[in-house]
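This briefing is meant to be read with the coordinates open beside it. The points are grouped by topic, and each can be checked against the model as displayed.

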Amino acid sequence: MAQENPIVHAVDVHKRFGHLEVLKGVSMDVTRGQVVVIMGPSGGGKSTFLRCLNHLEKIESGTIEVNGHAIGYRTTSGGRLVEESAKVVARQRADIGMVFQRFNLFPHMTVLDNITLAPMMVRGTGRDDARKRAMELLESVGLPQKAEEYPARLSGGQQQRVAIARALAMDPTVMLFDEPTSALDPELVGEVLETMKRLATENHMTMVCVTHEVGFAREVADRAVLIDGGVIVEDAPPDRFFNDPQHQRTQQFLSKIL
Amino acid sequence: MTGSLLLIPPGVLADFDSDVFFRSLFSDLFIQPTLLVIAITLIAQTTGIILGFPLALGRISKNRLIRLPVDAYLYVFRGTPLLLQVLFLSDGLALLFNNPVILDPISHNAVIAGTLALTLNEAAYMTEIIRSGLEAIDPGQIDAARALGMTPWQINRRIIIPQTMRIALPPTVNEYINMSKNTSLLTVISVNEILATAGRQYSANYRVFEILSVAALWYLLITTILTLLQKQVERRFGERQEAAVRPNFARRMFTGFRGGGGAGTEAH
């Protein structure tokens with residue numbers, strides 16, 4: 001990890017909602033091609049941390065760099081954080097893909113338009129190129145026949161696969177997954193996890209996933225991380241994380257989900 | 001007269017002069033007033049919608065200097081009778097400022113004064129309809145658009161405004177129907193619309209019931225056309241999102257219709 005520059009480099013991130021301190025100094029590096037799974041009890045700060053990585057949430061202090069660029073803030077000579085303008089932040093976010101628990105597809109657009117919108121608007125990709133790429137991505141998530149459908153006509157699993165294709169259309173350097181299977185009916189979880197696995201093993205995508213899918217973590221992840229009480233409690237290879245956790249809080253947490 | 005209402009003596013209904021009724025129904029008496037009602041409805045309602053957008057954005061603004069004037073505007077225009085607002089603009093405003101030339105179009109032209117009053121009143125109601133549409137948008141939509149690298153302006157144009165319009169469309173069409181009926185208030189400032197024309201007619205021939213029936217039919221013609229249009233619009237835009245992305249979104253959209261439409265209809 002020390003040799004190569006990390007894709008994600010977070011140092012001592014603090015975040016509060018009003019009086020509630022949600023993140024109390026979280027540091028994490030993710031190198032190229034690594035898959036990191038973040039687990040932890042709800043309210044522990046794991047989703048908030050993920051949302052800080054592309055500045056969907058502001059932070060109080062600390063540093064977040066993706067691909068060597070500070071995200072959301074520049075630091076003054078005095079060391080103070082100054083928030084970047086919305087336009088600059090937007091440009092920074094374009095390289096960071098994100099998939100949400102609730103899919104968040106745009107309901108007023110077809111599947112194809114959902115995928116081509118950002119490449120055309122943000123990257124300035126031509127319509128034909130954007131459509132061609134979108135069809136390739138739909139092919140790869142197994143839904144080319146749904147291109148002209150509206151999201152409402154798709155199952156949850158299909159919607160989430162489209163959401164993954166939509167994020168990939170921006171050619172992100174890292175993908176953030178915020179509980180991508182928690183809103184799905186049990187029988188639909190598999191198809192989404194399968195898509196994510198292929199993304200990791202075949203495309204070697206750098207991924208940070210907040211999820212409680214133990215099977216996925218064991219099979220695909222390079223590291224499993226427990227965030228609880230706003231801090232990283234445990235950060236270990238999945239094998240050790242699940243079989244021989246070093247911290248009592250990890251053991252307690254695992255005893256509830258395993 | 002009032003005492004006999006309960007009994008309805010046989011002679012009263014027999015007094016309905018069908019000859020007068022059909023003659024005025026098929027005369028050209030109400031054609032121009034009807035066209036005027038349609039024109040005022042379209043102009044006042046459409047302008048009200050256009051004004052409603054910035055006002056709705058002001059109403060949800062975090063900046064008090066923007067929000068408070070908008071709140072005050074809504075407070076006054078939703079809290080006083082529309083009839084009073086019509087009289088105030090047409091007769092009161094110019095007097096208040098001692099008849100300046102700039103207000104001549106309003107004080108000298110009842111159609112302009114009346115249309116303006118209807119517009120300003122409607123803008124207040126449209127503000128609430130559009131605001132409820134804006135607030136019904138799932139915050140996840142904005143998260144997703146931001147995560148894709150879209151700028152606030154792009155998000156407004158491609159995500160927020162189209163979705164708000166879909167949510168606000170059914171109650172907005174409803175407002176056109178309300179507006180067509182509210183134009184009848186302009187009879188008090190002697191705009192030559194349907195009701196005023198009827199009034200002039202029956203004060204000449206005393207066939208009150210017959211003439212008002214004819215006027216009612218003309219209003220029904222207008223509202224029927226608008227209702228058919230409304231069904232068309234709802235069918236067209238309902239189809240694509242009949243089972244919206246997720247139940248929560250659908251539910252919010254539903255309250256969006258009901259809340260907005262209901263508020264507008266009641267208070268008019």
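A residue is called buried when its relative accessible area is under 20%, and exposed when that value is over 50%. By that criterion helix H5(A) is mostly covered, with 13 of its 13 residues counted as buried. The model is a predicted one, and local features are considered at pLDDT of at least 70.

**Helix H5 of chain A**

- Helix H5 of chain A takes in residues 156-168, and because each residue should add 1.5 Å, its 13 residues are expected to span 18 Å, which agrees with the 18 Å that separates its end C-alpha atoms.

**Nonpolar cores**

- The largest nonpolar core holds 70 residues, and the residues with the most contacts inside that core are Ile38(A) and Phe49(A).
- Once neighbours within four places in sequence are set aside, Phe49(A) is in contact with Ala10(A), Leu23(A), Val26(A), Met28(A), Ile38(A) and Ile227(A).
- Another core, lying apart from the largest one, has 49 residues, including Val35(A), Met205(A), Val214(A) and Val233(A).
- As general background, nonpolar side chains tend to be buried together in soluble globular proteins.

**Chain B as a whole**

- Chain B contains twelve helices and zero strands, and buried residues account for 44% of its 268 residues.
- When contacts in chain B are restricted to residues at least 6 apart in sequence, 80% of them join residues at least 24 apart.
- The accessible surface of chain B amounts to about 14,500 Å², and carbon and sulfur atoms contribute 67% of that area.

**The interface of chain A and chain B**

- On the chain A side 30 residues are in contact with 28 residues of chain B.
- The two chains, A and B, bury about 2,500 Å² between them, with 62% of that area on carbon and sulfur atoms.
- Of the area that chain A buries against chain B, 24% is supplied by Pro107(A), His108(A) and Met121(A), which is more than any other three residues supply.
- One salt bridge is found across the interface of chain A and chain B: Arg51(A) pairs with Asp143(B), and their closest N and O atoms are 2.9 Å apart.

**Salt bridges**

- Over all chains the count comes to 22 salt bridges.
- Lys15(A) forms a salt bridge with Glu57(A), with the closest N and O atoms 3.8 Å apart, and this pair links distant parts of the chain, since Lys15(A) is in strand S1 of chain A whereas Glu57(A), 42 residues apart from it, is in the loop between helix H1 and strand S4 of chain A.
- Both Lys15(A) and Glu57(A) are buried.
- Returning to the pair at the interface, Arg51(A) lies in helix H1 of chain A and Asp143(B) in helix H8 of chain B, so this salt bridge joins two chains.
- Arg51(A) counts as buried because its relative accessibility is 15%, and Asp143(B) is likewise buried, with a relative accessible area of 13%.
- Glu219(A) and Lys197(A) form a salt bridge whose closest N and O atoms are 3.2 Å apart, and the pair links helix H7 of chain A, which holds Glu219(A), with helix H6 of chain A, which holds Lys197(A), the two residues being 22 residues apart.
- Within this pair Glu219(A) is exposed, with a relative accessible area of 57%, whereas Lys197(A) is buried, with a relative accessible area of 16%.
- In chain B a network of salt bridges links Arg59(B), Asp71(B), Arg78(B), Glu128(B), Arg131(B) and Glu135(B).

Definitions and conventions
Residues are numbered from 1 along each chain as its sequence is written. Chains are lettered from A and ligands numbered from 1 in the order in which they are written. Side-chain values use heavy atoms; hydrogens and water are left out. A nonpolar core is a set of buried Ala, Val, Leu, Ile, Met, Phe, Trp, Tyr and Cys residues joined through side-chain atoms within 4.5 Å. Buried means under 20% relative accessible area, exposed over 50%, partly exposed in between (1.4 Å probe, protein chains only). Contact means heavy atoms within 4.5 Å. Helices (H or I, at least four residues) and strands (E, at least two) are DSSP runs, numbered from the N terminus. The expected span of a helix is 1.5 Å times one less than its number of residues. Accessible areas come from the Shrake-Rupley method with a 1.4 Å probe; for residues, only the protein chains shown count as cover. Buried area is the accessible area (1.4 Å probe) that two parts lose on being put together, summed over both. A salt bridge is a side-chain nitrogen of Lys or Arg within 4 Å of a carboxyl oxygen of Asp or Glu.
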